[in-house]
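Here is a short note to help you find your way around this model. Keep the structure open beside the text and follow along point by point.

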Amino acid sequence: MNAPVTRRDAVLGIAAAATSFATPTILRAQSAGRVVVVGGGFGGAACARALKRARANLQVILIEPSTVFTSCPFSNEVIAGLREIDVQQFGYDKVAAEGVTVISQAVTTIEPQLRSVVTADGVALPYDRLVLSPGIDFHFEALPGYDDATSEKMPHAWKAGAQTLLLRGQLEAMPDGGTVAIAIPANPSRCPPAPYERASLIAHYLKTTKPRSKVLILDAKDTFSQQRLFEKAWKELYGDMIERIALSQGGRVTSVDPGTRTVVTEFGNYTPDVANVIPPQRAGRIAEVAGAADATGWCPIDPVTFESKLVPNIHVIGDACLGGGIPKSASAASAQGKACASAIVNLLAGRAPETPRLTGVCYNIVAPGYGFSLAGNYQPRGDIFAEVEGGATSPADAPRELRAREATEAERWFRAITADTFG
């Protein structure tokens, strides 16, 4: 089994190839080209594997600073004490075993005119096509008082890993009768239903261990995805344990004070025992470095090829792109990664790319054995993806047997997508 490439391997291998790629538009005879993928999440890893499978002689390089990927889907169950974090974690050995060169470095510089990326250890990697799958970063400027230091006191847990365990530890330390506040930003954001799933599972934890406690949702939206299903489940399972203050009721968080753990909204201040503050978001930082993000903070793309509308020969997939109707989710990122790979293979071969049709599904677990889902189909329409016929959502009046089956299906989906991406 191939291991991720070391710095020495990368330097030797890339240096040997540098001369032939001094003019990136000229491809070597024995190679179908070189594609560099930055970001090893569901989108980037799926894209890298799909590229290599589609064209065996294509040089595919996946750059990801972490040697272990921690999945956001199902991390809410870790927060609620229903699973351990190690089942959320995956390495890149299987990706490397397929012939993808995996480099465990951060990218510091992208030079579009030279078609080159530079890693933190100074290695320059030429490319014919570059795929960015950087996920999200936080727009700290949009929430006064919140930054990386604040997140150690008021965790966001919106990037799975240490923050997930920090929030879990705060819940475990909270006395019975305490309040957990969840601050939810406006869209666009990663996985829009996930904060409400989190509220549900935290309520489950409190109901079983600290039943005098409550969950307070401070929401920058008036409506949210699958709202009817969530609210029905809350009433059925948790009574009045969950309270939601919507945008029009003054629920938008405008600033925070980490010193006093105060959450400030337009119509009042709150000092909960645990403050889970999810900040406003934008595309991962490397997209801005590449010049692929616009004034919104997100990346406009051609939905047929995923090529940036701002920078040629750079493609953007996953949460970072402006996708229109398609949600920012693991399922969507995986589908985009594979469709982007297909487009790139065609472009390198001088063929017209096919119009993609993407399918995405989002499962939500509101208690053990109680789940529901939303599935959609998406195709390019103008400059964005639009939902087309064939989507479905769980019925609001379904019996508990169906909710239990959907919870089981959610587990199957998680095993399938992680095996497809990393296994």
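The points below go from the sheet to the helices on it, then to helix pairs, one alanine and the cysteines.

1. Please keep in mind that this is a predicted model. A good place to start is the open sheet, where five strands pair in parallel in the order E5-E2-E1-E9-E19. The edges are taken by strand E5 (101-103) and strand E19 (314-316). Each of these two has a single partner strand, so one of its sides has no neighbour in the sheet. On average, neighbouring strands here are turned by 20° against each other, direction ignored.

2. To look at one edge in detail, go to strand E2, residues 59-63, which runs parallel to E5 and is joined to E5 by three bridges. If you would like a residue pair to click on, Ile 61 has Thr 101 in E5 as its bridge partner.

3. Which strands does helix H2 touch? Helix H2, residues 42-54, packs on the sheet and touches strand E1 (34-38), E2 and strand E9 (129-132). The direction of H2 makes about 165° with that of E2. Helix H9, residues 330-348, also packs on the sheet, and its contacts are with E1, E9 and E19. Here the angle between the direction of H9 and that of E9 is about 170°.

4. H2 has a helix partner as well. Helix H10 (residues 400-422) packs with H2 at an angle of about 55°, and their axes are 8 Å apart. An angle of that value makes H2 oblique to H10. On the H2 side the contact is made by Phe 42, Ala 45, Ala 46, Arg 49 and Arg 53. H10 brings Ile 417, Thr 418, Ala 419, Asp 420, Thr 421 and Phe 422. Sorted by class, this contact has six nonpolar, two polar and three charged residues.

5. For another helix pair, turn to helix H6 (residues 194-209) and helix H7 (residues 227-238), which pack at an angle of about 5° with axes 11 Å apart. That angle makes H6 roughly parallel to H7. H6 contributes Tyr 196, Glu 197, Ser 200, Ala 203, His 204 and Lys 207, while H7 contributes Phe 230, Trp 234, Leu 237 and Tyr 238. In the contact of H6 with H7, six residues are nonpolar, two polar and two charged.

6. Back in helix H9, you will find Ala 335. Is Ala 335 buried or exposed? Its relative accessibility is 17%, so Ala 335 counts as buried. Leaving aside residues up to four places away in sequence, Ala 335 touches Leu 358 and Thr 359. You can also check the distance to Phe 42: the two C-alpha atoms are separated by 9.1 Å, with the residues 293 apart along the chain.

7. Finally, the cysteines. A disulfide is a covalent bond between the sulfur atoms of two cysteines. How many disulfides does the model have? The count comes to zero. Cys 47 is in no disulfide, and the nearest cysteine sulfur, that of Cys 340, lies 4.5 Å away, where a disulfide would need the sulfurs within 2.5 Å. Cys 47 is buried, with 0% relative accessible area. Cys 321 is in no disulfide either, its nearest cysteine sulfur being that of Cys 299 at 7.6 Å. With a relative accessible area of 3%, Cys 321 is buried too.

Notes:
Residues numbered from 1 in each chain as written. Predicted model: local features only at pLDDT ≥ 70, side-chain atom pairs only at ≥ 80, totals over all residues. Heavy atoms only, no water. Pairing = 2+ DSSP bridges. Helix = DSSP H or I, 4+ residues; strand = E, 2+ residues; numbered from the N terminus. Axes fitted to C-alpha atoms, helices over the stretch in contact; angles between N-to-C directions. Contact = heavy atoms within 4.5 Å. Buried < 20%, exposed > 50% of the residue type's maximum accessible area, 1.4 Å probe, protein only. Parallel < 35°, antiparallel > 145°, perpendicular 65-115°, else oblique. Nonpolar A, V, L, I, M, F, W, Y, C, P; charged D, E, K, R; others polar.
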